[in-house]
Amino acid sequence: MAVTSSPGVFTKSCHTIMYLPRFKNFFITFLCCLPLNTIAQQKEPVAYANTLQGTNSEFSLSNGNTHPSTALPFGMHAWSAQTGKNGDGWKYQYKANTIRGFQQTHQCSPWVGDYAVFSLMPVTGKLTVGEEARATAFRHADEIARPDYYKVTLANKITAELSPTERGAHLRFSFPAKSPAYVVLDGYNALSGVKIFPSQRKITGYVTNGRFIPQDFKNYFVIVFDQPFEASGTWENTGNRIAADSLSAEGKGVGAFIRFKSGATVQARVASSYISPEQAELTWQQELQSFTRLEQTKAAAGKIWNTLFNRVKVEGGSEEDKATFYSCLFRANLFSHIFYEYNSKGEPYYYSPYDGKIHNGYMYTDNGFWDTFRAQFPLNTLLHPTMEGRYMQALLDAQQQCGWLPAWSFPGETGGMLGNHAISLLTDAWVKGIRTFDPKQALDAYFHEAMNKGPWGGANGRAGWKEYYQLGYVSFPESHGSTSQTLEYAYDDFCGYQLAKLTGNDFYQYVFGRTIYNYKNQYDSITGFMRGRKLDGSWQENFDPYEWGGPYTEGNAWHWQWSVFHDVEGLIRLMGGNVPFLTKLDSVFTAPNKVNVGYYKQMIHEMTEMVNANMGQYAHGNQPVQHMIYLYNYAGQPWKTQEHVRKVMKQLYNAGENGYPGDEDQGQMSSWYVMSAMGFYSVCPGTDQYVIGSPLFPKMTLTLENGKQFIVEARNNSPENVYIQSAFLNGKPWPHNWLRHADIVNGGVLLLEMGNKPATSRGIDPADKPFSVSRL
């Protein structure tokens, strides 16, 4: 995935001066004196974002596990080119050389698959409907992959283009002159149905595919073409049998085909609904009826992305850094997907993926909170507080419909991973002034979550909850991932305690306040690590900090040592003070990058990614350790945070097909980069603080929803000058290693002087340390 810079402005300027001979020498001198990045800055931000970032992935190694989504921010549906077989989680792989369709997608991870999928594929020559037979060769040199527009010219000379709306897409297929022109609709891998209306140039239908869906789930679609049909029919993909002239069919994998005039250029406008066929038609009218040419849809989509990207405007820095930044900012704004639609009065309502009923209001899905509570949702509190407020109420509505707070919805609840992090989202919103929900209802829902185990995966209720309350920790081997569970439960209990304290709820403040220090029960002072512990209180035998699994989820003791987001000061004391704490932090990077596969029995992709990163035991490719480098701020060496943050951004991220050091995970990996590039990070969501790092660009201007601007200006910033020498917030000296949420949303300027050597006397006083509950 090469990112090509555009010299168009410079070239155009050179052409212009050819018509102004008297001023030719002046303009040449002027242009030559301009820095190239000043000229290139005129490029629209959306042109920097490469949706192929992270697509060179497979089962054994993730460079992102992404696909080239063409979508609007948080759109209900995205569209992607499809290289993989129907049902394959790796729907697009950069190493593939054929495309078999252009697909409606919602996939947030290849590990959970997709739902509500169908695809369209242009075919020329003989009609071929099967996904293998119709697959057509392509080259990446013939692709354009942007958030607002995807284009590819296939080896058979067909050009496919698409641009998105929130609940649909506008596609265009241009066939070679005099060549037969077919479009094949594939119903994917479950029950589907189609109806063809030749006189209206329209296909309607539904698909039902998905793993975590209610029993009566359907995705209804309507597709309107701009060219007359010469012939049409249906087919089914279980045996690739064609029913010529058939105008309707239902069954597993049922689809349709249309023949157009040879050499035609065909536009297809698509909209979908989870509510009804009538709502799909209404959505088509709302979002696509006025766009008769794809260029109009593309312009509207580009305007939406440019408006968002211009709200996080970066200046200076390299073109490569801008490409990585805006590519990451794109992915940071894809998930969660909106799951609501608008009726004829413009009022939001939705089909619930939890109880299968229709409800008024807002709903959001497709997000695993274990990944995204860390940075993606805190970034939303800055960029999208109105949406975040709707989301918080939607969480409580989902709890009423499902019986449990969501942990990983896709679109219904999967219970994936561990922890009860919906309370982190709710508390973080409340602390930051987003108060659109009843805190008592939120605390009641969390209390139920914390005192029960639900029927689904590890994050649906609490595995080991009885032992957690009786012993103060989750025991091993009764619960695999027990140490990780204890650490994350203690953090979640802090969030419950914090919300109760802020809203005057003495009962829940007492209940959750008793367990926020349970992390201490997993610490073994002899080995200096968080360890697995048995029912009788003894430690798990044969301890090896390099061993993955067992009491640790997707990691080892080196990674899970630091998951005490709410009480880093308490962790420092537990480990013996600043010196041993800092020594252990340093050791993460100096320890060998070796792996003991342990309970996994084989290398998993997260292990390979840590080894490839070559940063010792620092495993940025997975979530548990991503906040770790910011912890130097708590122990008197903030300059090491500054150094490591810049190193991770430089070495582990880019805008290309190998753009991530692991699974991108619904915007978390991208949000880490975006926030870190802005100059701060959310170590402890549920508090109003962000921990300062080292901004990537000389200047960043964040425009808030309220119209105010927060500017981070880093003077003398460069790849070498990564260390903060001094800081001023709104003209006043700022020695602290943190910012308050109010400092940002109220607008202002953080002025930093950067240098190439650590400022070892700055940010080392107790008042400069970020929040820890032990210091209250």
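Trainee: Let's start with one residue: does Arg146 count as buried or exposed, and at what relative accessibility?

Mentor: The idea is to ask how much of a residue's area is accessible, and a residue under 20% is called buried. In this predicted model, Arg146 comes out at 15% relative accessibility, so it counts as buried.

Trainee: And which residue does Arg146 form a salt bridge with?

Mentor: Here's the general idea: side chains of opposite charge can pair when their charged atoms come close. In this case Arg146 pairs with Glu44, and their closest N and O atoms are 3.1 Å apart. Glu44 is partly exposed, at a relative accessible area of 34%.

Trainee: Where do Arg146 and Glu44 lie, and what does the pair tie together?

Mentor: Arg146 is in strand β6 (residues 143–146), while Glu44 is in the loop between α3 (36–40) and β1 (78–82). So the pair ties together parts that are 102 residues apart in sequence.

Trainee: How many salt bridges does the structure hold?

Mentor: There are 30. Let me show you another: the side chains of Asp524 and Arg531 meet at 2.9 Å, N to O. Asp524 is buried, with a relative accessible area of 5%, and Arg531 counts as buried too, at 8%.

Trainee: Which residues are linked in a network of salt bridges?

Mentor: Lys85, Arg100, Glu131 and Glu132 are linked that way.

Trainee: What about a salt bridge inside a helix? Which residue does Asp444 pair with?

Mentor: Asp444 forms a salt bridge with Lys440, with 2.9 Å between the closest N and O atoms. Look at the spacing: the two sit four residues apart in helix α12, so about one helical turn separates them. Asp444 is partly exposed, with a relative accessible area of 30%. Lys440 counts as partly exposed as well, at 41%.

Trainee: Now, how do I read two helices packing together? At what angle do α12 and α15 pack?

Mentor: Look at the angle and the distance between the axes. Helix α12 (residues 439–450) and helix α15 (residues 506–513) pack at about 30°, and their axes are 11 Å apart. The crossing of α12 and α15 is left-handed.

Trainee: Which residues make the contact?

Mentor: From α12 you have Lys440, Leu443, Asp444, Tyr446, Phe447 and Ala450. From α15 you have Tyr508, Val511 and Phe512. Sorted by class, the contact has seven nonpolar residues, two charged ones and no polar ones. You've already met Lys440 and Asp444 as salt-bridge partners.

Trainee: Can I read burial for a whole helix? How many residues of α9 are buried?

Mentor: You go residue by residue and count. In helix α9 (residues 376–383), eight of the eight are buried, so the helix is largely enclosed by the rest of the structure. Among them are Gln376, Phe377, Pro378 and Asn380.

Trainee: Let's try a residue in another helix. Where is Ser670, and what does Ser670 touch?

Mentor: Ser670 lies in helix α21 (residues 668–678). At 0% relative accessibility, Ser670 counts as buried. Not counting residues up to four places away in sequence, Ser670 touches Cys328, Arg331, Ala332, Tyr660 and Glu664.

Trainee: And a loop residue? Where is Tyr600 found?

Mentor: Tyr600 is in the loop between α18 (578–590) and α19 (605–613). Tyr600 is partly exposed, with a relative accessible area of 29%. Leaving aside neighbours within four places in sequence, Tyr600 has contacts that include Trp548, Gly549, Tyr552 and Met607. Compare sequence and space, too: Tyr600 and Glu547 are 53 residues apart in sequence, and 9.4 Å apart C-alpha to C-alpha.

Trainee: Let's zoom out. How many helices and strands are in the chain?

Mentor: You'll find 22 helices and 36 strands. Along its principal axes, the C-alpha trace spans about 80 × 75 × 50 Å. Buried residues make up 64% of the 776 residues.

Trainee: What radius of gyration does the chain have, and what would a compact globule have?

Mentor: The radius of gyration gives you one number to set against a rule for globules. A compact globule with 776 residues would have a value near 28 Å, and the chain's 27 Å agrees with that. For contacts with a separation of 6 or more, 70% are between residues 24 or more positions apart.

Notes:
Residues are numbered from 1 along each chain as its sequence is written. Side-chain values use heavy atoms; hydrogens and water are left out. Axes are lines fitted to C-alpha atoms, for helices over the stretch in contact, and angles run from 0 to 180 degrees between N-to-C directions. A crossing is left-handed if the near helix is turned anticlockwise from the far one by less than a right angle, and right-handed if clockwise. Contact means heavy atoms within 4.5 Å. Ala, Val, Leu, Ile, Met, Phe, Trp, Tyr, Cys and Pro count as nonpolar, Asp, Glu, Lys and Arg as charged, and the others, Gly among them, as polar. A salt bridge is a side-chain nitrogen of Lys or Arg within 4 Å of a carboxyl oxygen of Asp or Glu. Buried means under 20% relative accessible area, exposed over 50%, partly exposed in between (1.4 Å probe, protein chains only). The radius of gyration is taken over C-alpha atoms; the globule rule is 2.2 Å times the number of residues to the power 0.38.
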